[in-house]
Amino acid sequence: MEPEKLQGMKDAIRGRLTKPMRYYLDLCTRCGLCYESCHVIQGIHKREYSPVGRAEVVRKVFRKYFRPSGKFLPSWGEATDLDDRVMDELLDAAFSCTGCRRCVMHCPFGIDTGLIMGIAKVLLIENGTAPEELLMLSDAAVEKGKSIAEFKDGYRSVIYDLEKQVQERLGLPSPEGVIPMEKKNANILYVALAGARSIVNPAIIFNAAKEDWTLSFFEAVNFGQFLGDPEKMKFIANRVVNEAKELGVKEVVIVECGTAYRIPKFMLGPLPFKVTSIVELIHRYLKEGRIKLKEGALTAPVTYHDPCQLGRNGGVFEEPREILQILAKDYREMSPTREFNWCCGGGGGLVALDNENFRIKSGKPKRDQIVATGAKVVVSACENCISQLETIRSGYDLDVEVRYLTEIVAENLVV
Amino acid sequence: MWEFFSYFVMVPMVYIAFATLILGIIFKFIVVYRSPGIPGRLPVFPMEKSKTLGLLKEAFTIPAAFRGSKPFWFFLVLFHAAFTLVFLGHLELAGDIPVLRSIPHEVFLGAGALGVTLGVSVIYFLFRRLHTPHREISVMEDYVLLLLLFFTILFGSILHMADRYGMTALNIPVGDYRVYFSSLLALKPRMPVMITASPHFIIFILHLFFANLVLIMFPFTKMIHAAFIFPALSIKRK
């Protein structure tokens, strides 16, 4: 590697050496307790698909350039140069990790391998070998943030069509204003995804609850985070933060998307509004009696897949279960569950990449869990999870139906 | 040559070792504290009601190891508990610490049991590393540190056993260790003749040599986990 490029790479690493990263890079004892904790290694037995194997790819580069042993006695920690082979290893390590943080639960020191993969990702960006799909998607999201005025009219006309669907479902006299936009001082700014389903179902629920809400112009998903570009991540997230501030809303409600929830909730620092997941909001409406559900409407056995970013990394465990226990006659828990739940294998932007065979294999623990429950309906509350659960369903030919939580709530509202 | 080496190990190297240990740990923390923080936080749920108690409980009972492998957990707890006791036992040799002196020297070092415990644990860790998948994730550092610990423990145990089983010809009396350690603390190093003239002098020097190496390497190897575990475990509780 040319000296100039290498310097850029070293600077990229240095830029990610935050306090948590410093601890995580130095204190791993390679005890191996995390080895089996990753869903990927359960499906594909390769050292680099274990949390410690992944992190060591990064640590060996770190040692090479940032530790005296890397310079004077590379074999001490198997320090490695940044060559093409290592760049390939970094790509494999970083984009096979969903950032589910299940390994945090299995590390005696709580090392966050997902965070360490942040170094691999900035190196790939610097090297120009980051996944094209994620680069394009994140650039498009940044572009939309820069020139939102051009998008507004087109978006409004799409929403107008969706308003009719909401009107029909609720039997309202007019579709006008059932999906409000740019409403100042509303209680809630709802941030959806690109798909109509992520707007229509919540809109049905908001209208049923007589909520004072408004719809965001932006989609919640953050491809900057998946790509591992901190600047783009912040820019994409701040599109919604600025919109919420301008509108003066009290609360920002995030669609069924784990990462989209975790970023404003935990990763941006203090914000002048509350951040809530749509799952928490539905639960709140039920507690307050603002909406009612048809009890036991789902007769087939139902199970719930905890999206990692919502459960383990977001603390939303009880709400979806309480909602499903109303709706399902036969609710079954997966094992292991909650904070120890297996990642489905779709997070971290992996569903956006061309890697279906890999995801079918790495989805094996999830497949086994679903089969063990005997459930016929698998419910989740994250679009990435749903896409991956569909891949698992078709890949293993499972006789189950995969459903969004908001979808079954909207279908079974008592109106 | 031997005279120079034994003097070096007994006096300058001990000072170098403790200075490196203390300044090294301080240096490692300064590097971390001068690094930028993160804007948000990185919690994992569910969180305990008392974060401090939860953190201490996790650091001292190692639930992740308990879930992962019961034998490994058993030896981890055994090793770390024995290591702490041995460390305290050596403090008792280093100076006049009344609290530690209240327990007789022979008892504090576990009547020989601590050495055996540490030795067996280290052998277990070493053999565990030779098995797949731990072999694949191990690097030279892992083996070297375990070997250094093993030799420190082995020679320490030999010294202790000579004392314990009254091998008068080999024994170095406790009083002479105290004279030696206190003189180092007082910055007036002395090498008592009962130590230097003992047939076990070479064992003593080897014990001290490996112990010094362990202390020197402590801040700059993965052994820093002993200090970093507390701030690291607090990250997921913020």
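In this predicted model, the accessible surface of chain A comes to about 15600 Å², and carbon and sulfur atoms account for 50% of that area. Away from the surface, the picture is one of burial: of the 415 residues in chain A, 64% are buried.

The fold of chain A is built from 20 helices and eight strands. Its radius of gyration is 22 Å, close to the 22 Å that the globule rule gives for 415 residues, so chain A is as compact as a globular protein of that length. Along the principal axes, the C-alpha atoms of the chain fill a box of roughly 75 × 50 × 35 Å. The contacts tell a story about sequence distance as well: among those between residues at least 6 apart in sequence, 76% join residues at least 24 apart.

Charges come next. Chain A carries 56 positive and 56 negative charges, and the mean positions of these two sets are 5 Å apart. Over all chains, the structure holds 44 salt bridges, and three examples help to show what such pairs look like.

The first example links A:Arg30 to B:Glu141, with the closest N and O atoms 3.1 Å apart. A:Arg30 lies in the loop between helix H2 (19–26) and helix H3 (39–43) of chain A, while B:Glu141 belongs to helix H10 (residues 140–164) of chain B, so this pair joins two chains. Are these partners buried or exposed? With a relative accessibility of 2%, A:Arg30 counts as buried, because buried means under 20% relative accessible area. B:Glu141, at 6%, counts as buried too.

The second example stays within one helix. A:Asp161 and A:Lys164 form a salt bridge whose closest N and O atoms are 3.9 Å apart. These residues are three apart in helix H10 (residues 148–170) of chain A, which means that about one helical turn separates them. Both are partly exposed: the relative accessible area is 45% for A:Asp161 and 34% for A:Lys164.

In the third example, the side chains of A:Arg290 and A:Glu288 meet in a salt bridge at 3.5 Å, N to O. A:Arg290 is partly exposed, at 30% relative accessible area, and A:Glu288 is likewise partly exposed, at 46%.

Salt bridges can also share partners, and in this way A:Arg30, A:Glu56, A:Arg59, A:Arg63, B:Arg129, B:Glu141, B:Asp142 and B:Lys222 are joined into one network. The buried pair of the first example, A:Arg30 and B:Glu141, is included in that network.

Key: Residues are numbered from 1 along each chain as its sequence is written. Chains are lettered from A and ligands numbered from 1 in the order in which they are written. This is a predicted model: local features need pLDDT of at least 70, side-chain atom pairs count only at pLDDT 80 or more; totals for chains, interfaces and linings use all residues. Side-chain values use heavy atoms; hydrogens and water are left out. Helices (H or I, at least four residues) and strands (E, at least two) are DSSP runs, numbered from the N terminus. The radius of gyration is taken over C-alpha atoms; the globule rule is 2.2 Å times the number of residues to the power 0.38. Buried means under 20% relative accessible area, exposed over 50%, partly exposed in between (1.4 Å probe, protein chains only). Contact means heavy atoms within 4.5 Å. Accessible areas come from the Shrake-Rupley method with a 1.4 Å probe; for residues, only the protein chains shown count as cover. Lys and Arg count as positive and Asp and Glu as negative; His and the chain ends are not counted. The place of a charge is taken as NZ of Lys, CZ of Arg, CG of Asp or CD of Glu. A salt bridge is a side-chain nitrogen of Lys or Arg within 4 Å of a carboxyl oxygen of Asp or Glu.
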